[in-house]
Amino acid sequence: MENTNNVSKFILLGLSQDQELQQVCFVLFLLFYVVIILGNLLIIITIKHSERLNSPMYFFLRYLSFVDICYSSVTAPKLIADFLVERKTISFVGCIAQLFGVHFFGCTEIFLLTVMAYDRYIAICKSLHYMTIMNKHVCSWMVVASWAGAFVHSMVQTLLTTQLPFCGPNEIDHYFCDVHPLLKLACTDTYIVGVIVVANSGMISLSCFVVLVVSYVVILVSLKTRSSKGRLKALSTCASHITVVILFFGPCIFIYMRPSITFSEDKMVAVFYTIITPILNPLIYTLRNEEVKNAIKKLVGEEYVVYLVVMVSVGLLVCRPFFISLQLPKFHG
């Protein structure tokens with residue numbers, strides 16, 4: 001198949017074509033993005049500076065928060081800026097880079113959530129050998145393996161897409177570049193590529209989800225022999241993880257465990273795993289965790305000035321799309 005590419009840029013149709021709704025969404029999603037950055041950054045700083053939060057669970061949580069920041073930053077700034085412009089465009093290279101970023105950080109999050117479930121299984125079901133099995137060396141290699149596996153996955157998705165010929169049209173009915181919308185625009189038969197996408201993205205999502213469900217079922221069954229206090233603490237921790245898993249894996253399986261067809265609901269479903277989950281992670285892991293809440297209180301009390309400077313700096317960085325958008329073309333009434 002000859003790779004004929006006559007498309008230099010794509011037009012993103014975004015979440016909505018309603019101008020007033022887009023202006024409301026600009027404020028709403030800018031707020032969401034600020035919460036994602038500040039909330040996850042707070043978790044990273046808290047775990048790094050707290051001597052009590054040194055267990056493998058918090059080691060993985062720190063990386064999960066970092067991935068959430070990166071994951072949302074692949075799509076959110078562009079989405080926010082596009083709410084203020086009438087014509088939403090992205091270059092071909094930018095589109096491919098966004099595709100790679102979405103799958104790289106998204107797959108890393110999938111693997112990290114799976115690793116965290118394994119960590120909880122060892123902590124609850126094999127508590128006497130927990131620190132021996134989940135030592136620092138093992139944890140580090142698990143994180144490295146998560147990054148490496150995600151890189152291989154995203155490279156496959158990206159290379160498959162770049163080999164497709166795009167002759168026009170160039171309108172993507174989405175707010176970011178993803179595999180299924182791009183397959184729809186390719187001027188060739190994409191059946192085989194679509195099958196590979198399902199085998200790659202879909203099976204990763206589904207298999208990891210099955211592993212997670214099985215591990216938590218085993219954990220819940222094993223809790224019957226625990227004391228009421230120990231059972232309550234374990235249930236609280238697992239409930240947090242299960243909430244994140246359902247909110248993240250549900251939409252992913254809906255999007256990628258099907259042939260290369262698109263629905264109008266896809267972009268709203270995608271909001272859950274690109275925006276909503278990164279928002280909820282810091283809320284779920286802090287509000288339901290007394291150790292983290294106490295560590296945050298101690299951190300704010302002891303290092304308030306440093307913390308404030310960091311938060312303000314990040315806030316200015318997050319608001320940069322807003323200041324840039326003031327120079328962009330506005331809607332015409």
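Which residue forms a salt bridge with Asp119? Select Asp119 together with Arg120: these two residues form the salt bridge, and their closest N and O atoms are 3.0 Å apart. Asp119 counts as buried, with a relative accessibility of 0%. Arg120 is likewise classed as buried, at 11% relative accessibility.

**Confidence of the model**

Before continuing, please note that this is a predicted model. Colour the chain by pLDDT: the mean is 82, and 84% of the residues reach 70 or more. Confidence is highest in helix H5, at a mean of 93, and lowest in helix H12, residues 320-325, at a mean of 47. Next, select residues 321-333, over which pLDDT stays under 50. For this segment the model has 19 contacts beyond four places in sequence. Where pLDDT is low, the predicted coordinates should not be read in detail.

**The remaining salt bridges**

The count for the structure comes to three salt bridges. Select Asp82 and Lys78, whose closest N and O atoms are 3.3 Å apart in a salt bridge. Both residues belong to helix H2 (residues 56-82), and because they are four residues apart there, about one helical turn separates them. Asp82 is buried, having a relative accessible area of 7%. Lys78, at 22% relative accessibility, counts as partly exposed, since the buried class is reserved for values under 20%.

Move next to Asp173 and Lys267, a salt bridge in which the closest N and O atoms lie 2.7 Å apart. This pair links distant parts of the chain, 94 residues apart: Asp173 is in the loop between S3 and H6, and Lys267 is in helix H9 (residues 266-287). Asp173 counts as partly exposed at 40% relative accessibility, whereas Lys267 is buried, with a relative accessible area of 12%.

**Aromatic pairs**

A search of the whole structure finds 18 aromatic pairs. Select Phe92 and Phe166, one of these pairs: the ring centres are 6.0 Å apart and the planes stand at 65 degrees, so the arrangement is edge-to-face. The cut-off for that class is an angle of over 60 degrees. Phe92 lies in helix H3 (residues 92-125), while Phe166 lies in the loop between H5 and strand S3 (171-172); the pair therefore ties together parts that are 74 residues apart in sequence. Both Phe92 and Phe166 are buried.

Now select Phe104 and Phe151. Their ring centres are 6.4 Å apart and their planes are at 90 degrees, so this pair is also edge-to-face. Since Phe104 is in helix H3 and Phe151 is in helix H5, the pair ties together parts that are 47 residues apart in sequence. Phe104 is buried, with a relative accessible area of 14%, whereas Phe151 counts as partly exposed at 41% relative accessibility.

Which aromatic residues form one cluster with Phe104 and Phe151? Add Phe66, Phe100, Phe105 and Trp147 to the selection; together with Phe104 and Phe151 they form one aromatic cluster.

**The loop before helix H7**

Select Ala186, found in the loop between helix H6 (179-185) and H7. Is Ala186 buried or exposed? Ala186 is buried, with a relative accessible area of 10%. Beyond its neighbours within four places in sequence, Ala186 is in contact with Leu164, Pro165 and Phe166. Phe166 is the residue already seen in the edge-to-face pair with Phe92. The C-alpha atoms of Ala186 and Leu164 are separated by 6.2 Å, although the two residues are 22 residues apart along the chain.

**A nonpolar patch on the surface**

For the last stop, display the molecular surface and select Phe151, Val152, Val156, Tyr191, Ile192, Val195 and Ile196. These residues form a nonpolar patch on the surface, and together they have about 660 Å² of accessible area. Helix H5 (136-162) and helix H7 (191-222) are the elements that give two or more residues to the patch. H7 gives the most, with four residues. Within the patch, select Val156, which lies in helix H5. Val156 is partly exposed, with a relative accessible area of 33%. Phe151 thus appears twice on this tour, as a member of the aromatic cluster and as a member of the nonpolar patch.

Key: Residues numbered from 1 in each chain as written. Predicted model: local features only at pLDDT ≥ 70, side-chain atom pairs only at ≥ 80, totals over all residues. Heavy atoms only, no water. Patch = residues over 30% accessible without salt bridge, like charges linked within 9 Å, V, L, I, M, F, W, Y side chains within 5 Å. Areas by Shrake-Rupley, 256 points an atom, 1.4 Å probe, with all protein chains shown as cover. Salt bridge = Lys/Arg side-chain N within 4 Å of Asp/Glu carboxyl O. Buried < 20%, exposed > 50% of the residue type's maximum accessible area, 1.4 Å probe, protein only. pLDDT = per-residue confidence, 0-100. Contact = heavy atoms within 4.5 Å. Phe/Tyr/Trp six-rings, centres within 6.5 Å; stacked < 30°, edge-to-face > 60°.
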